Amino acid sequence: MPQRTIAVDLDDTLNNFTETLHTGDFGFDAAYGLPEQAFAGYMERLRNGSMDVDDLLSTEYSFFRYKIHLRCYGLARARADGVDFMRWLEAAGWRIVICTHRDLRRANACTRRWLTDNGIPFDHLFMAWNKIVFCRAWGIRHLVDDDAFNIAHGEPYGVNVYYPIMERRRPLEANRARGFSSFEEVKQWIAG
Amino acid sequence: MDRRVELLLEFYAGLPRDRAKVETRRHGFDYLERMLSDGVTLEYGELTLDGLLHKYKLANVPEHRMTELLRGHVEKECNVCLYFDDRANSLFCFNLDNNFKVNNTVIIPELELAVELLRNLLSGLGCGPLVVASGRGFHLWCRLDGPVDNDRLYNFMLRCAAKTAAALCKAGHDHNKVKINLYPDRRIRDVVSLRLFGTDHAKNRVFSRILSEGGLLDETASWLRFEQHMRGNTVAAGHFGEAYETMMAAF
């Protein structure tokens with residue numbers, strides 16, 4: 001019997017990334033190389049989730065965003081039921097792929113450190129801009145992820161998507177994904 | 001061994017060969033398992049936005065596997081990108097990219113001028129670069145006959161890049177339209193790699209043609225120029241020291 005494989009997202013799925021971004025103590029620090037007013041403006045823009053309308057790829061703001069995100073990756077708390085779930089997957093013989101939007105060129109080391117520090121097992125680490133395409137290409141039938149695009153588009157492409165129910169989520173498109181309050185629910189769905 | 005692989009091994013001899021980033025459309029767990037034999041490990045993988053183009057950052061690559069990868073590189077089955085040594089290197093490279101989000105494989109006037117300015121600056125210092133089309137711009141490679149400390153290389157490159165950006169501004173251009181990355185860069189060691197000469201770009205499938213003073217060379221002429229550059233333009237470390245002092249004194 002082929003090994004069962006599951007892809008699991010990190011930010012706002014296994015951790016509290018957005019909460020960390022909004023409530024973390026990111027006071028002004030001259031090490032960012034910005035005037036205090038620019039720092040405050042960028043921080044507000046980042047927390048508001050404003051669209052990046054700049055025509056250029058690499059800008060002062062994009063570098064600032066990367067540095068703050070990197071801090072959030074380290075500070076974010078792991079969900080206890082998520083950690084249990086990942087350990088259960090490993091014990092049950094699943095192949096675990098961590099699948100993230102993070103830029104792993106820069107975040108590989110801190111991501112691995114966070115996973116190790118939290119005792120979260122995994123087999124492979126992948127970044128994918130389109131996780132449905134990734135799962136389909138790699139024959140992965142199960143994806144745990146909070147992203148609205150994946151929730152809406154998994155099922156038509158043969159990917160079962162499970163997403164954490166969140167209070168502050170924007171309305172979702174019609175979908176056949178399954179929302180969960182606890183990872184215990186996912187265990188039951190995929191074990192069947 | 002394929003002559004082209006021999007040339008690559010010689011030109012890039014100073015770069016670590018136990019790690020690489022491999023770009024290919026091949027994917028799947030069976031492929032990954034084969035790739036990860038002989039002790040090779042995967043640091044991370046990536047599915048890009050370009051169809052099914054995947055990137056794999058590999059570590060603990062034994063010598064014979066690197067040779068295999070380079071064979072795949074010149075046969076255009078995959079692209080091999082190498083990282084720089086953490087402490088000292090006998091190669092350094094300026095990576096000039098079109099910094100726009102869209103249509104960024106177009107050679108914009110600012111990029112064209114920046115390459116010309118930087119090439120002239122380096123040539124004037126006796127460090128004439130090999131200029132290779134990279135997809136979004138150009139790589140300007142300088143080869144030394146021995147390793148030089150990374151801080152020294154970075155300080156030199158930073159000043160050359162600043163002078164180029166200033167000259168762009170003076171000519172009435174916005175220097176932000178061109179992104180200049182420096183390799184090796186101690187801030188991002190083991191983070192960024194550069195694609196080697198001798199294969200097609202993974203996205204636009206255009207060969208990494210060499211930009212001579214007369215324009216872009218075709219594939220055959222590019223290989224010839226690659227070898228000629230290595231034989232005739234490798235800079236003596238002592239000479240680099242003079243160029244370094246010149247740039248330090250200029251700022």
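**Exercise 1. The contact between the chains**

How many residues of chain B are in contact with residues of chain A? Describe the side of chain B that takes part.

*Solution.* The structure is a predicted model. Step one is the count: 18 residues of chain B are in contact with 18 residues of chain A. Step two asks which element gives the most to the chain B side: strand β2 (residues 41-47) of chain B does so, with six residues. Step three sorts the chain B side by class, giving nine nonpolar, five polar and four charged residues.

**Exercise 2. Strands across the interface**

State which strand of chain A pairs with β2(B), and in which sense.

*Solution.* The partner is strand β3 (residues 124-128) of chain A, and the pairing with β2(B) is parallel, over three bridges. One position can then be located within this pairing: Phe126(A) stands opposite Gly45(B), a residue of β2(B).

**Exercise 3. Two domains in chain A**

Give the domains of chain A, the distance between their centres and the contact between them.

*Solution.* First, the domain assignment of chain A gives domain 1 as 5-14 + 77-191 and domain 2 as 18-75. Next, the centres of these domains, taken over C-alpha atoms, are separated by 25 Å. The contact itself involves seven residues of domain 1 of chain A and five residues of domain 2 of chain A. Finally, the domain 1 side that touches domain 2 has three nonpolar, one polar and three charged residues.

**Exercise 4. Positive phi: buried or exposed?**

Asp12(A) and Asn103(B) have positive phi values. Place each residue in its chain and decide whether Asp12(A) and Asn103(B) are buried or exposed.

*Solution.* Begin with Asp12(A), which is not a glycine and yet has a positive phi of about 70°. Asp12(A) is found in the loop between β1 (5-8) and α1 (17-23) of chain A. A residue is buried if 20 or more other C-beta atoms lie within 10 Å of its own. Asp12(A) is therefore buried, because it has 21 C-beta neighbours inside 10 Å.

Turn now to Asn103(B), also a residue other than glycine, with a positive phi near 50°. Asn103(B) sits in the loop between β5 (88-98) and α4 (109-124) of chain B. The limit for an exposed residue is 12 or fewer such atoms. Asn103(B) has 8 C-beta neighbours inside 10 Å, so it counts as exposed.

**Exercise 5. A cis peptide bond**

Identify the residues joined by a cis peptide bond in chain B, and locate the proline.

*Solution.* The bond joins Tyr183(B) and Pro184(B), with omega about 0°. Pro184(B) lies in the loop between β8 (178-183) and β9 (194-195) of chain B.

Key. Residues numbered from 1 in each chain as written. Chains lettered and ligands numbered in written order. Predicted model: local features only at pLDDT ≥ 70, side-chain atom pairs only at ≥ 80, totals over all residues. Domains from an automatic or database assignment. Nonpolar A, V, L, I, M, F, W, Y, C, P; charged D, E, K, R; others polar. Helix = DSSP H or I, 4+ residues; strand = E, 2+ residues; numbered from the N terminus. Pairing = 2+ DSSP bridges.
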